[in-house]
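Please consider the sequence and the model shown below. The paragraphs that follow move from annotated positions to the pairing of charged side chains.

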Amino acid sequence: MIEERDAQVQRGNPLRSAVDKRLPRIAGPSGLVIFGVTGDLARKKLLPAVYDLASRGLLPAGFALVGFGRRDWSKQDFEHYVREAVEARSRTKFNTNVWNRLAEGIHFVSGAFDDDTAFDRLATVLAEMDRSQGTAGNWAYYLSVPPEFFANVVHQLDRCGMAHPGDGQWRRVIIEKPFGHDLASAKELNKVVNTVFPEHAVFRIDHYLGKETVQNIMALRFSNQMFEPIWNSHYIDHVQITMAEDIGLGGRAGYYDGIGAARDVIQNHLIQLLALVAMEEPTSFSPHQLRSEKLKVLRATSPTGPFEETTARGQYTAGLQGSVPVVGLRDEEGFDPDSETETFAACTLEINSRRWAGVPFYLRTGKRLGRRVTEIALVFKRPPYQPFYPDQTNLLTNNAVVIRIQPDEGVLMRFGSKVPGVGLEVRDVNMDFAYSEAFTEQSPEAYERLILDALLDESSLFPTNAEVERSWEILDPILNFWAQQGRPDEYEAGTWGPASANHMLEKDGRVWRRP
């Protein structure tokens with residue numbers, strides 16, 4: 001019914017007047033249980049996001065927030081912890097009235113993931129919340145825990161009946177990445193979760209998909225006539241997708257060792273961005289249609305070989321981050337100096353379709369790079385003929401459309417223009433759209449959007465198990481090749497990666513963008 005209504009609206013049906021997309025969708029009676037609530041993710045992102053949703057009036061009046069962890073906390077202890085996180089990190093201004101309403105539904109259950117008694121207590125608390133808060137038996141379980149604990153948690157939820165909704169109720173599970181470390185482990189993880197929760201009740205979080213600028217990729221492509229005719233191999237030379245960080249591992253060395261940049265970022269964030277850039281236009285933006293088009297393009301995607309020339313990996317050494325001296329990876333506290341885990345990864349993918357045949361997609365990510373930036377750059381081919389003398393266009397480069405996802409969200413178009421003066425000289429100029437300048441409203445944080453979507457059963461921005469498994473099928477051959485190559489190349493902190501990354505593009509007469 002909802003999909004048909006949306007389709008009618010898009011076709012220009014008079015029903016449009018009854019569907020005002022400017023009106024916010026407010027979650028119905030429901031509650032959220034966060035496992036791993038004492039971790040960094042919950043403290044820095046999840047708890048502030050819940051408060052911001054309440055502050056914006058997007059949560060029901062009786063919303064319940066239940067934390068589960070090992071701490072021996074009372075309700076008051078947990079309230080204090082949540083309030084500290086909210087005051088330190090929330091996007092919206094702290095409001096005592098909003099907080100007091102939210103605090104009424106806050107509760108904490110102490111226990112371990114293998115503690116039957118603790119989960120029995122949790123079941124009792126949720127039943128009490130259904131009566132006192134009016135949550136109506138609708139619960140979302142956020143697994144902000146390492147994947148090795150997923151089986152314990154979902155089986156405990158199954159044992160206590162908390163995974164099984166009654167008539168007119170729903171139960172959903174929200175899972176944080178990583179979704180496995182290769183194809184085999186991803187399949188096993190999906191099997192564990194789907195044994196208890198059906199696929200439609202599983203929401204896999206990729207927080208990049210909740211960013212406003214990521215969603216703007218679809219608006220840019222499909223609401224404008226000017227881009228679609230040139231969004232193909234006839235005009236586009238190549239695509240670069242970059243997620244660069246200027247920070248090192250810091251206190252994450254124990255987590256990061258053995259995972260690396262490719263598993264941490266390329267398998268999920270960057271391949272999902274590729275799918276949004278390259279997919280065909282869906283018939284509607286219903287979850288089914290959107291996921292279907294993404295999966296089609298992922299099934300047509302494969303790594304380009306030979307990998308010694310089309311991929312690169314590296315580890316950062318000591319250098320200058322800006323003007324500040326920083327240590328190299330092997331001197332980071334808690335990191336094995338003999339580790340072969342990469343902090344920089346780049347690869348070349350190709351899409352075997354009529355639209356994209358012959359267009360390489362270059363993906364790269366790394367830590368301790370030149371600056372923090374995430375962007376997608378579509379670099380266009382040169383005109384087949386130019387009626388200029390070479391010295392009139394020697395400063396002109398390829399046209400480009402650059403979608404900036406963070407930190408300066410916006411879209412940049414690079415094209416040639418005549419330099420003022422009596423002579424004829426053409427050089428690059430930029431037309432730059434910035435969210436912060438065009439809109440007065442501040443964009444919500446990604447976790448706000450994703451938590452609300454999970455409560456609303458809006459699954460468009462959540463990868464399915466098929467998408468996750470296909471992403472691993474794309475990346476696994478590269479990882480297997482790297483596993484036989486020994487230690488990664490080195491690159492100095494504050495630069496843009498190892499020399500092998502530059503060679504990937506230079507061999508084809510291309511260069512990486514310097515954001």
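Helices here are DSSP runs of H or I with at least four residues, and they are numbered from the N terminus. The model itself is predicted. Helix α10 spans residues 260-278 and holds D264. This residue is one of those that UniProt, in an unreviewed entry, lists under "binding site"; the full list is H207, K211, E245, D264 and K367. Such annotations may be inferred rather than shown by experiment.

Is D264 buried or exposed? D264 counts as buried because its relative accessibility is 7%, and the limit for that class is under 20%. Its surroundings, leaving aside neighbours within four places in sequence, consist of K177, R252, Y255, Y256, I259 and H269. With one of these residues the contact is polar: the side chains of D264 and K177 meet at 2.9 Å.

The partner, K177, lies in the loop between β5 (171-176) and α7 (183-196). Along the chain K177 and D264 are 87 residues apart, yet their C-alpha atoms are separated by 8.4 Å. Beyond its four nearest places in sequence on either side, K177 is in contact with I205, Y255, D264, N268 and H269. Y255 and H269 therefore appear among the contacts of D264 and also among those of K177, by the criterion of heavy atoms within 4.5 Å.

A second position from the UniProt list is K211. K211 is found in the loop that runs between β6 (202-205) and α8 (212-222). K211 is classed as buried because its relative accessible area is 18%, where the class requires a value under 20%. Residues up to four places away in sequence not being counted, K211 touches I405, Q406 and A446.

The discussion now turns to charged pairs. Side chains of opposite charge can pair when their charged atoms come close. How many salt bridges does the count give? The count comes to 27 salt bridges, each defined by a side-chain nitrogen of Lys or Arg within 4 Å of a carboxyl oxygen of Asp or Glu.

One of these joins the side chains of R91 and E448, with N and O at 2.8 Å. This pair links distant parts of the chain, 357 residues apart: R91 is in the loop between α3 (75-89) and α4 (96-103), and E448 is in helix α14 (residues 446-456). Both R91 and E448 are buried.

Another salt bridge is formed by R355 and E280, whose closest N and O atoms are 2.8 Å apart. Here too the pair links distant parts of the chain, with R355 in the loop between β12 (344-351) and β13 (361-366) and E280 in the loop between α10 and α11 (287-299), 75 residues apart. R355 is buried, because its relative accessible area is 13%, whereas E280, at 35%, is partly exposed.

A further salt bridge, between D453 and R449, has an N to O distance of 3.0 Å. These two residues are four residues apart in helix α14, so they are separated by about one helical turn. D453 counts as buried at 5% relative accessibility, while R449 is partly exposed, with a relative accessible area of 29%. Salt bridges can also share partners, and in this way D237, K507, D508 and R510 are joined into one network.

Technical notes: Residues are numbered from 1 along each chain as its sequence is written. This is a predicted model: local features need pLDDT of at least 70, side-chain atom pairs count only at pLDDT 80 or more; totals for chains, interfaces and linings use all residues. Side-chain values use heavy atoms; hydrogens and water are left out. Buried means under 20% relative accessible area, exposed over 50%, partly exposed in between (1.4 Å probe, protein chains only). A polar contact is a pair of N or O atoms within 3.5 Å; within protein, one must be able to donate a hydrogen and the other to accept it, and residues adjacent in sequence count only if both atoms are side-chain atoms.
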